[in-house]
Amino acid sequence: MEGFEKAAARQDIKDGAFTVVEIQGEEIVLTELDGAVVAFSNVCSHEECTFIFEGVGQLEGNEIYCDCHSSRFNILTGAVLDPPATQPIATYTVRIEGADVLLGPA
């Protein structure tokens with residue numbers, strides 16, 4: 001992703017809830033963590049399963065869990081915390097402008 005693109009309205013992003021958007025063919029999850037909006041890939045790097053399906057996913061603190069094969073990732077850095085995944089997931093830079101959430105490259 002080059003530059004920043006509008007992804008959502010800030011008021012729609014809530015703590016404990018997930019908003020999945022598609023930008024340039026990529027599914028990206030937006031959520032609020034400690035008052036800040038964070039964005040990460042909705043696709044596990046292991047077998048391309050989705051983390052969030054129909055608004056439901058397993059997030060604990062800053063860790064997302066993949067239901068398919070139990071991999072865990074840090075949503076702030078993309079780092080793999082538990083295998084079988086070996087590659088990190090994409091994370092995105094978030095910028096708030098007025099009432100809009102903009103996403104850009106990590």
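C68 is partly exposed in this predicted model, with a relative accessible area of 39%. C68 is also half of a disulfide: the bond joins C68 to C49, with the two sulfurs 2.0 Å apart. The structure holds one disulfide, and this is the one. Its partner C49 counts as buried, at 15% relative accessibility.

What does this link tie together? C49 lies in the loop between β4 and β5, while C68 lies in the loop between β6 (63–65) and β7, so the bond connects parts that are 19 residues apart in sequence. If you look along the S-S bond, the angle about it is -110 degrees, and the link is left-handed.

Now for two other cysteines, C44 and C66. C44 is in no disulfide, and its nearest cysteine sulfur, that of C66, is 3.9 Å away. C66 is in no disulfide either, and the nearest cysteine sulfur to it is that of C44. Why don't they count as a disulfide, with their sulfurs 3.9 Å apart? A disulfide needs sulfur atoms within 2.5 Å, so this pair misses the cut-off. C44 is buried, with a relative accessible area of 2%, and C66 is buried with a value of 2% too.

Here is how some residues score for accessibility, including the four cysteines just described:

| Residue | Relative accessible area | Class |
|---|---|---|
| C44 | 2% | buried |
| C66 | 2% | buried |
| S41 | 10% | buried |
| T91 | 14% | buried |
| C49 | 15% | buried |
| C68 | 39% | partly exposed |
| E54 | 69% | exposed |
| D34 | 77% | exposed |

**Inside the core**

Let's go to the greasy part. The largest nonpolar core has 15 residues. Which residues have the most contacts inside it? They are F40, F51, I52, I64, F73, I75 and I89. Two elements give two or more residues to this core: β3 (26–33) and β4 (36–41). Apart from it lies another core, of twelve residues, and A7, I13, L30 and L103 are among them.

F51 is a good residue to click on. Leaving out residues up to four places away in sequence, F51 touches a long list that includes F40, S41, C44, V56, I64, C66, F73 and I89. So C44 and C66 turn up again here, both as contacts of F51.

How many aromatic pairs does a search of the whole structure find? It finds two. In one of them, the rings of F51 and F73 have their centres 5.5 Å apart and their planes at 75 degrees, so the pair is edge-to-face. This pair links distant parts of the chain: F51 sits in the loop between β4 and β5 (58–60), F73 sits in strand β7 (residues 72–74), and they are 22 residues apart. Are F51 and F73 buried or exposed? Both are buried. Add F40, and you get one aromatic cluster made of F40, F51 and F73.

Another ring has a charge for company. The charged end of R95 sits over the ring of F4, 3.8 Å from the ring's centre.

**Two buried residues in strands**

S41 is found in strand β4. Not counting residues up to four places away in sequence, S41 touches E27, V29, F51, I89, A90 and Y92. Its side chain also reaches the backbone nitrogen of V43, at 3.0 Å. Along the chain, S41 and P88 are 47 residues apart, yet their C-alpha atoms are separated by 9.9 Å.

T91 has its place in strand β9 (residues 91–97). With neighbours within four places set aside, T91 is in contact with A39, F40, I75, L76, T77, G78 and A106. Of these, F40 and I75 were named above among the core residues with the most contacts.

**Odd spots in the backbone**

Most residues other than glycine have a negative phi, and most peptide bonds are trans. Where does this chain depart from that habit? D34 has a positive phi, near 55 degrees, without being a glycine. D34 is placed in the loop between β3 and β4. E54 has a positive phi as well, of about 50 degrees, and is not a glycine. You'll find E54 in the loop between β4 and β5. As for the peptide bonds, the one from P83 to P84 is cis, with omega near 25 degrees. P84 belongs to the loop between β8 (80–82) and β9.

How values were computed:
Residues numbered from 1 in each chain as written. Predicted model: local features only at pLDDT ≥ 70, side-chain atom pairs only at ≥ 80, totals over all residues. Heavy atoms only, no water. Core = buried A, V, L, I, M, F, W, Y, C linked by side-chain atoms within 4.5 Å. Buried < 20%, exposed > 50% of the residue type's maximum accessible area, 1.4 Å probe, protein only. Helix = DSSP H or I, 4+ residues; strand = E, 2+ residues; numbered from the N terminus. Contact = heavy atoms within 4.5 Å. Phe/Tyr/Trp six-rings, centres within 6.5 Å; stacked < 30°, edge-to-face > 60°. Lys NZ or Arg CZ within 6 Å of the ring centre and 35° of its normal. Polar contact = N/O pair within 3.5 Å; in protein donor to acceptor, adjacent residues only side chain to side chain.
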